[in-house]
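Below are some notes on the model, set out as numbered points for discussion. Please read them with the sequence and the coordinates open.

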Amino acid sequence: MVHRERHRSERIGWLRAAVLGANDGIVSTASLVVGVAAADAARQNVLIAGVAGLVAGALSMAAGEYVSVSSQADTEQADLARERHELATQPQGEEDELVGIYERRGLDSDLARTVARRLMARGALAAHARDELGLTEELAARPLQAALASAATFAVGAGVPVLTIMLAPAGALVTAASSAA
């Protein structure tokens, strides 16, 4: 039987980056254009500042998100390497570890041992990754995906105050940009 149910948690990696990117795009770009507009700059100069903030912010968010999520991915890989080593050098201890995990989840000792043995026979590293480390393929760190989501949504968010400056009456740039945030 194929499991067709899709959970939202599968999107959490890029969704978190997207929400933060959009929020930062709106707030930081609106703040930038308000500051420039408050200096009594011409609309063209306010727009240039806004577009420059959009581009710089999107690149900065992408780089920051990539580095952040890469460090998470590196940590996950280090943990998996450690588990591989432990499985190769201490297989009984690793089985006992899973048994303990399953007992704490409510299985009796014999059933916990049976489950641990069967899961380890089908993929010991996968069983330990999931049940000991809490790592799953769906929730694995994906640096490039997070970076792209953050950059794209920052640009979309930053587009709100930039568009507001383009459409606002000349005498109301500060008020319009402030309300865009």
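1. With which residue does aspartate 131 form a salt bridge, and how far apart are the closest N and O atoms? The partner of aspartate 131 is arginine 105, and the closest N and O atoms of the pair are 3.4 Å apart, a salt bridge being a side-chain nitrogen of Lys or Arg within 4 Å of a carboxyl oxygen of Asp or Glu. The pair links distant parts of the chain, since aspartate 131 is in helix α4 and arginine 105 in the loop between α3 and α4, 26 residues apart; helices here are DSSP runs (H or I, at least four residues), numbered from the N terminus. Aspartate 131 is buried at a relative accessible area of 12%, whereas arginine 105 is exposed at 54%, where buried means under 20% relative accessible area, exposed over 50% and partly exposed in between (1.4 Å probe, protein chains only).

2. A word on the basis of these values. This is a predicted model, in which local features need pLDDT of at least 70 and side-chain atom pairs count only at pLDDT 80 or more, while totals for chains, interfaces and linings use all residues. Residues are numbered from 1 along each chain as its sequence is written, and side-chain values use heavy atoms, with hydrogens and water left out.

3. The whole structure holds six salt bridges, and two further ones deserve attention. Glutamate 95 and arginine 117 meet through their side chains at 3.0 Å, N to O, with glutamate 95 in helix α3 (residues 91–104) and arginine 117 in helix α4 (residues 109–131), 22 residues apart. Of these partners, glutamate 95 is buried, with a relative accessible area of 10%, and arginine 117 is partly exposed at 47%.

4. The second of these pairs is aspartate 96 with arginine 113, whose side chains form a salt bridge at 2.7 Å, N to O. Because aspartate 96 lies in helix α3 and arginine 113 in helix α4, this pair ties together parts that are 17 residues apart in sequence. Both partners are partly exposed, aspartate 96 with a relative accessible area of 34% and arginine 113 with one of 22%.

5. Glutamate 94, in helix α3, invites a closer look. It is buried yet has no salt bridge, and the nearest side chain of opposite charge, that of arginine 82, is 7.8 Å away; in this count Lys and Arg are positive and Asp and Glu negative, while His and the chain ends are not counted. Leaving aside neighbours within four places in sequence, glutamate 94 is in contact (heavy atoms within 4.5 Å) with Glu83, Glu86, Leu87, Met120, His128 and Glu132.

6. On the surface, Tyr66, Val67, Leu144 and Leu148 form a nonpolar patch with about 420 Å² of accessible area together. Patches are made of residues with over 30% relative accessible area and no salt bridge, like charges being joined within 9 Å and nonpolar side chains (Val, Leu, Ile, Met, Phe, Trp, Tyr) within 5 Å, and the areas come from the Shrake-Rupley method with a 1.4 Å probe, where for residues only the protein chains shown count as cover. Helices α2 (43–89) and α5 (143–167) each supply at least two residues of the patch. Tyrosine 66, which sits in helix α2, is partly exposed at 41% relative accessibility.

7. Helix α6 (residues 173–180) has Leu173, Ala176, Ala177 and Ala180 as its buried residues. These cover an arc of only 95 degrees around the axis and therefore lie on the same side of α6, the arc being that of the directions from the helix axis to the C-beta atoms. The face of α6 turned away from the buried side carries the exposed residues Thr175 and Ser179.

8. Serine 150, in helix α5, is buried with a relative accessible area of 0%. Apart from neighbours within four places in sequence, serine 150 is in contact with Ala17, Gly21, Met61 and Glu65. Alanine 39, by contrast, is exposed at 58% relative accessibility and belongs to the loop between α1 (12–38) and α2. C-alpha to C-alpha, alanine 39 and serine 150 are 30 Å apart in space, and they are 111 residues apart in sequence.

9. Finally, the backbone of aspartate 40 could be checked. Its phi is near 65 degrees, a positive value in a residue other than glycine. Aspartate 40 lies in the loop between α1 and α2 and is exposed, at 72% relative accessibility.
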